[in-house]
Structures are given as C-alpha cells and as structure tokens.
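Student: I have a structure to go through and some questions about it. Where should we begin?

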Amino acid sequence: MNEAADHILIVGGGQGIGAAIAALWPDRTTVWTRRTGVDAADPSSLQAAFARFRQQHRTPWALVHCIGDFCERPVLGTDLATFRHLFTSNLDTAFHTVQTVVPAMVTEKRGRVILFAAAGVDKDRGLRRAPMYFAAKAALVQMARSLALEVAAAGVTVNVIAPGLIHHAESHQQSQQRLVAKVPLGRVGNVADVTELVRYLLSDAASYVTGQVLTVDGGLQA
Ligand SMILES: NC(=O)c1ccc[n+]([C@@H]2O[C@H](COP(=O)([O-])OP(=O)(O)OC[C@H]3O[C@@H](n4cnc5c(N)ncnc54)[C@H](OP(=O)(O)O)[C@@H]3O)[C@@H](O)[C@H]2O)c1
C-alpha cells in the first residue's frame, strides 16, 4: 500500500467494526452506508456511488465489506421475511459490492478485498444460536474463497475475517454477555482486536495471503 495515496473503500462503515477500520486511515477512507445514501442491497445504488467515487479517486487499493445483520432464531422458527433479510444483508450486499468494485481492481492488477463472516461458519458443524445468519455467512465464505481464485492472477487478494463476540456501542451486548463464559480467553473482544488484523491484511506483509478465513474470537466454544 502506498500510505500517501492509496484509498480504502468501506461498505458498511458507519458504526461498529467498519467505523473503527475507517478511523485507522481517516484521510484516505470512503465510507458507504444507507445513511450516506448508498444501499448495498441495490446494485444500481452501488454502481452510481462507484461512478461518483471514480470521478475523484483512482480505483481503491482496498475494499472492505462490513455489513451483516444478525438474528438469533432457530431454523424452524425463522419466517420467510427474516430468512430473506438475513441473506440480503449478509450475502447479497457482499455479492453486489464485489461485482461493482473488484473488476476495476482486476484491471489495475492490484488490490485487497476483506469480507466479514462470523466465527465458526467455516467449520464442519452446526451452530444453534443464529443458524440462518451463520448459513448466510457460510455462503459468503465460499463466495470469497472462489473469488480469491478468480482474481489471484491479477494480484488481487481476497480474505475473510470471522469475528466472535466483538463489543461496540451498537453490538448485541445481551447475547455477548450470555456467551462470554464460552470464551477461553475470558473476555469479549473489542474493535481493536479486529482492526489490527485489517491493518495486517492491507499491509505489504500480507501480500501472499489470500483465500483465507481469519478467526478473531478468543477461542470461542459456541
Ligand atoms: N460485532 C460482532 O460481534 C460481530 C460478530 C461476528 C460477525 N460480525 C460481522 O462483522 C461485520 C461488522 O459488524 P458490526 O457489528 O460492526 O456491524 P453493525 O454495527 O451492524 O454495522 C453495520 C454497518 O453496515 C451499514 N449497513 C447495513 N446495511 C446496509 C446496506 N444495505 N447498505 C449499506 N450499508 C449498510 C450500517 O449503516 P446504515 O444503517 O447507515 O446503512 C452500519 O454502518 C458484519 O458483517 C457482522 O455480521 C460482527
């Protein structure tokens, strides 16, 4: 990364983890959320925003997608609207985002992509707590692994961060406090636990890392 010039685009960075990532490079980051007028569930909204972005900046060096609503309901207790919403929020927005931005990175033959899943979804086991959320995140992981293969020849890397319980002002604190006993390291994570991993993935040191799921969960056993 050229610290002076390269731009970072964060889709879903208005609060929480995304906002903390944006704060690492305040002068070189653009944040898109619905509150800034960009709905990542709508491809035309993303395309219009990217056209505006390109008028001011060259292709971003890094793309971070940080959206994903959460819901603790069992499979048999999930109504269709909730099911659709969880997949739209967690998977469709990521699909539309990479389809909008990554082709330009491929053309430039450089770039880093980071998507967010959730701890445990890449393991071969069920997760009782929020199954349809985790199902959407598992699909996102598989999309990311395949995308990493598609764009590797262009020098673009794609990795997934899988957080466990990460505290911030808007996070699901009731659920986090209920589960903290299942964290071997004995605490809920904070946004810095995640942002330092982002800093690494966007550094020169990570140029040979792609197609990976990097879990930040204190060893969570849930
Ligand atoms: N926090 C945790 O403990 C935890 C644990 C596991 C995984 N994760 C994952 O890590 C990522 C970040 O989590 P977080 O807790 O920081 O998320 P968050 O607090 O829910 O923030 C999500 C951000 O995305 C934006 N957003 C939501 N829908 C959007 C849309 N359709 N188009 C554009 N922007 C949209 C929101 O702003 P607007 O409302 O203005 O659009 C907000 O700024 C997510 O993928 C989440 O699933 C988090």
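Tutor: Begin with a term: two strands pair if DSSP finds at least two bridges between them. Keep in mind that this is a predicted model.

Student: Which residue in strand 4 stands opposite A62?

Tutor: Strand 3 and strand 4 are joined by four bridges, and these two strands run parallel. The position in strand 4 that faces A62 is R112.

Student: What is the order of the strands in the open sheet?

Tutor: The open sheet has six strands, and their pairing is parallel. One of the pairs is strand 1 (residues 8-11) with strand 3 (residues 62-65), held over four bridges; there, L9 stands opposite L63. Read across the sheet, the order is 2-1-3-4-5-8.

Student: Why is one side of strand 2 and of strand 8 left without a neighbour in the sheet?

Tutor: Strand 2 (29-32) and strand 8 (213-216) stand at the edges of the sheet. One side of each has no neighbour because each has a single partner strand.

Student: By how many degrees are neighbouring strands of this sheet turned against each other on average?

Tutor: The direction of the strands is ignored for this value. The average turn between neighbouring strands is 20°.

Student: Are the residues of strand 4 buried or exposed?

Tutor: A residue is buried if 20 or more other C-beta atoms lie within 10 Å of its own. On one side of strand 4, G111, V113 and L115 meet this condition, and on the other R112, I114 and F116 do. Both faces are covered, and six of the six residues are buried.

Student: Which residue of strand 5 is the bridge partner of I114?

Tutor: Strand 4 and strand 5 run parallel and are joined by six bridges. Together with helix 4 they make a right-handed β-α-β unit. Within strand 5, the bridge partner of I114 is N159.

Student: Which helix lies between strand 3 and strand 4 in their β-α-β unit?

Tutor: That unit is right-handed. Its helix is helix 3.

Student: Which helix gives the most residues to the shell around the ligand?

Tutor: There are 27 residues around the ligand, and G12, G14, G16, R34 and G68 come nearest. The shell divides into 13 nonpolar, ten polar and four charged residues. Helix 1 (16-22) and helix 3 (80-108) each supply at least two of them. With three residues, the one that gives the most is helix 1.

Technical notes: Residues are numbered from 1 along each chain as its sequence is written. This is a predicted model: local features need pLDDT of at least 70, side-chain atom pairs count only at pLDDT 80 or more; totals for chains, interfaces and linings use all residues. Axes are lines fitted to C-alpha atoms, for helices over the stretch in contact, and angles run from 0 to 180 degrees between N-to-C directions. A residue is near a molecule or strand if its C-beta atom, placed from the backbone, lies within 6 Å of it. Ala, Val, Leu, Ile, Met, Phe, Trp, Tyr, Cys and Pro count as nonpolar, Asp, Glu, Lys and Arg as charged, and the others, Gly among them, as polar. A residue is buried if 20 or more other C-beta atoms lie within 10 Å of its own, exposed if 12 or fewer, and partly exposed in between; C-beta atoms are placed from the backbone. A crossover is right-handed if, with the strands pointing away from the viewer, the path from the first strand over the helix to the second runs clockwise.
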